[in-house]
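Here is a short note to go with the model. Please keep the structure open while going through the points.

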Amino acid sequence: MDIVKNKSGFTLTEILVVVAIIAVLTGITFPISLKLLNDSTNKTLKLQTEEIVSSTRLLIEENCKNSFNTSVSCPIELTPLSVNNIVKYSGNITLDTLINNKFIDPIKIRGEQCSANIKVNGNDIGVLLTCNKYSYQTDNYK
């Protein structure tokens, strides 16, 4: 008489092999995923700083262009300087100034609100953008 075994399910060895394979794959992919996430965050910060620089130039162009030789004052805290009869501005602007004047939307990276310090010196606009533990600084931020 033949005894027929009803084999259903997996053996402990088979389950352990599958768990080990999953652990190895996770160990390989996790650092790669983390690096990609950090790279994308850095690229986002760089793009946001470029947007801040453009918005700052636009703010100066629209609000301060004619304020040096007329009675109109520049509504932001910049000091006009005349260099060879060309008006240039110097000073600091906050990100809130750009947001309040509707030149840029509030910046959030990974759900965290960001802040920026913007330094204007003639044609140079330097930006230090800080978002929680991430920050990005333009080369001309001094």
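1. Start with the cysteines. C114 and C131 are both buried. Keep in mind that this is a predicted model.

2. What joins C114 to C131? A disulfide does, with an S to S distance of 1.9 Å. A disulfide is a covalent bond between the sulfur atoms of two cysteines. The count for this model is one disulfide, taking sulfur pairs within 2.5 Å.

3. The handedness is worth a check in your viewer. The link of C114 and C131 is right-handed, with 115° about the S-S bond. C114 sits in the loop between β4 (112–113) and β5 (115–121), while C131 belongs to strand β6 (residues 124–131), so the pair ties together parts 17 residues apart in sequence.

4. Next, the nonpolar interior. The largest nonpolar core counts 25 residues. I52, L95, L98, I107, V127 and L129 have the most contacts inside this core. At least two core residues come from each of α1, β2 (86–94), α2 (95–100), β5 and β6. Which element gives the most to this core? It is α1, with five residues.

5. L95 deserves a closer look. Leaving aside residues up to four places away in sequence, L95 touches I52, I104, I107, C114, S115, A116 and I118. One of these partners, C114, is also half of the disulfide with C131. Two others, I52 and I107, are listed with L95 among the core residues with the most contacts.

6. Now the surface. V17, I21, V24, L25, I28, I32 and L36 form a nonpolar patch there. Together, these seven side chains' residues carry about 660 Å² of accessible area. L25, one of the patch residues, lies in helix α1, which spans residues 12–63. Helix α1 also supplies five residues to the largest nonpolar core.

7. On the overall fold: how many helices and strands are there? The protein has two helices and seven strands. Read from the N terminus, the order of elements is α-β-β-α-β-β-β-β-β.

8. Some totals for the whole protein. Of its 142 residues, 25% are buried. The accessible surface is about 10300 Å², and carbon and sulfur atoms account for 55% of that surface. Take the contacts between residues at least 6 apart in sequence: 46% of them join residues at least 24 apart.

Definitions and conventions: Residues numbered from 1 in each chain as written. Predicted model: local features only at pLDDT ≥ 70, side-chain atom pairs only at ≥ 80, totals over all residues. Heavy atoms only, no water. Patch = residues over 30% accessible without salt bridge, like charges linked within 9 Å, V, L, I, M, F, W, Y side chains within 5 Å. Areas by Shrake-Rupley, 256 points an atom, 1.4 Å probe, with all protein chains shown as cover. Salt bridge = Lys/Arg side-chain N within 4 Å of Asp/Glu carboxyl O. Helix = DSSP H or I, 4+ residues; strand = E, 2+ residues; numbered from the N terminus. Buried < 20%, exposed > 50% of the residue type's maximum accessible area, 1.4 Å probe, protein only. Core = buried A, V, L, I, M, F, W, Y, C linked by side-chain atoms within 4.5 Å. Contact = heavy atoms within 4.5 Å.
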